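User: Could you take a close look at the nonpolar core of this protein for me? I'd like to know which residues sit at the heart of the packing, with the cut-offs spelled out.

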Amino acid sequence: MRILVIGSGGREHALLKGLKADPLTTELHVAPGSPNFADLATVHPAYSKVDDPAQMLQLAQKIDAELVVVGPEVPLVAGVADELRANGIAVFGPNKSAAQIEGSKAFAKDIMNAAGVKTARAEQLVPGTSDAEIEAALDRFGPPFVVKDDGLAGGKGVVVTDDRAAAKEHVNEVHAAGNPVLLESFLDGPEVSLFCLVDGETVVPLLPAQDHKRAYDNDEGPNTGGMGAYTPLPWLPADGVQRIVDEVCKPVAAEMVKRGNPYSGLLYAGLAWGKEGIAVVEFNCRFGDPETQAVLSMLESPLAEALNATATGTLAELDELKWKDGYAVTVVLAAEGYPASPRKGDVITGPGLDDPNKVLHAGTSQAEGSPGVEEEVDVISNGGRVLNVLGQGATLAEARAAAYEVLEGLKLEGSFYRRDIGKRAEDGEISI
């Protein structure tokens, strides 16, 4: 099967690794990708407008793709999947309308309310809302204040703070960009990320994971796209995944079908499991990053087969997914200045850099290496979250140690990483 993956980050690197290992895959392509993906797939850097349905269709037809896997949310919200399907190409990823479950938080709230799914109380403030109305709305929420950009923000559009002035500042920033804002009540309890393959009302869960959004140790610093994740969750109840599927994912999938807009692709449920049970923090319409890197590393079943079954409406016929024993941890190496203004163009070195089982490329590129050294190519930083380092082990402690051993050997000027990914779970400090 000829497969095209759209995207260029660590999530896409993980997808390519999984697809490459599946005997069903005969050709693998990626657009725009990274030069550092070339050992896995044919890279198409010229096709960089991933949110342009016509350009993505052109490439898919050029290579005669039999399956297109859309990694990021932006092309899905832009309708890339619609254009491909209209031309007879199977796509893993929801159509433009269904992708609004991530593209519009107000839409997601409406779906959840209709489906009877617990979520935070919310109120939308549109651009042009007066200062007095903003102040009155803040009076009705928090502290802590939860302020969300009601649009696509790459996982960085949320501010959770006890500081009223900071909350109001984020409202004004989002409004200045032309987007509405959602104020939400704060949800207590540990967070869970659960990915589900969804084909209409058929829902197949993957392993549960936990992301770490804050930039620095002890959940300090600004929100990011994710600084690391681990899977599975030793503190989750034995029936935890099934409860999430039954209480959240299946009702939402059924509601989408009821509205004549069935969901097809990956539904990411970001949840808080607090004193009052499971509640939805957010939905994403694609694989989450960096949880994907950890979760897919534990999958034993063929990935291409699973994604193709979802895309072709045959997910109900798929064999039960099989998983490795043990744990996986992924830690992000971030560039200096991330998330506000990451520095780019610095050379990355280290003994583990060339190990594809331990290092996944996210924000990287290549540059000519040292003068006079034939064919030497340097790996350079080209984004905020530069690399994902993966560790596996029989225990969470072993998986953490394996990841940090590699990280300690990597060199990138000004870079940083969190040293506590999965640490609270290892120490038994998380419970429901």
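Analyst:
**A look at the core**

The protein's secondary structure adds up to 13 helices and 22 strands (DSSP runs numbered from the N terminus: H or I of at least four residues for helices, E of at least two for strands). Its radius of gyration is 21 Å, close to the 22 Å from the globule rule for 432 residues, so the protein is as compact as a globular protein of that length (C-alpha atoms are used, and the rule is 2.2 Å times the number of residues to the power 0.38).

A word on the ground rules: this is a predicted model, with local features needing pLDDT of at least 70 and side-chain atom pairs counting only at pLDDT 80 or more, while totals for chains, interfaces and linings use all residues. Residues are numbered from 1 along each chain as its sequence is written, and side-chain values use heavy atoms, with hydrogens and water left out.

Now the inside. Buried residues make up 56% of the 432 (under 20% relative accessible area, 1.4 Å probe, protein chains only). The largest nonpolar core has 76 residues, and L4, V68, I244, V248, L271 and F283 touch the most other members (such a core is a set of buried Ala, Val, Leu, Ile, Met, Phe, Trp, Tyr and Cys residues joined through side-chain atoms within 4.5 Å). Helix α9, residues 240–258, gives the most to this core, with 7 residues. Zooming in on V248, its contacts include V117, R243, L271, I278, V280 and F283, leaving aside residues up to four places away in sequence (contact means heavy atoms within 4.5 Å). There's also a second, separate core of 41 residues, with F195, L307, A311 and W323 among them.

Methods. Buried means under 20% relative accessible area, exposed over 50%, partly exposed in between (1.4 Å probe, protein chains only).
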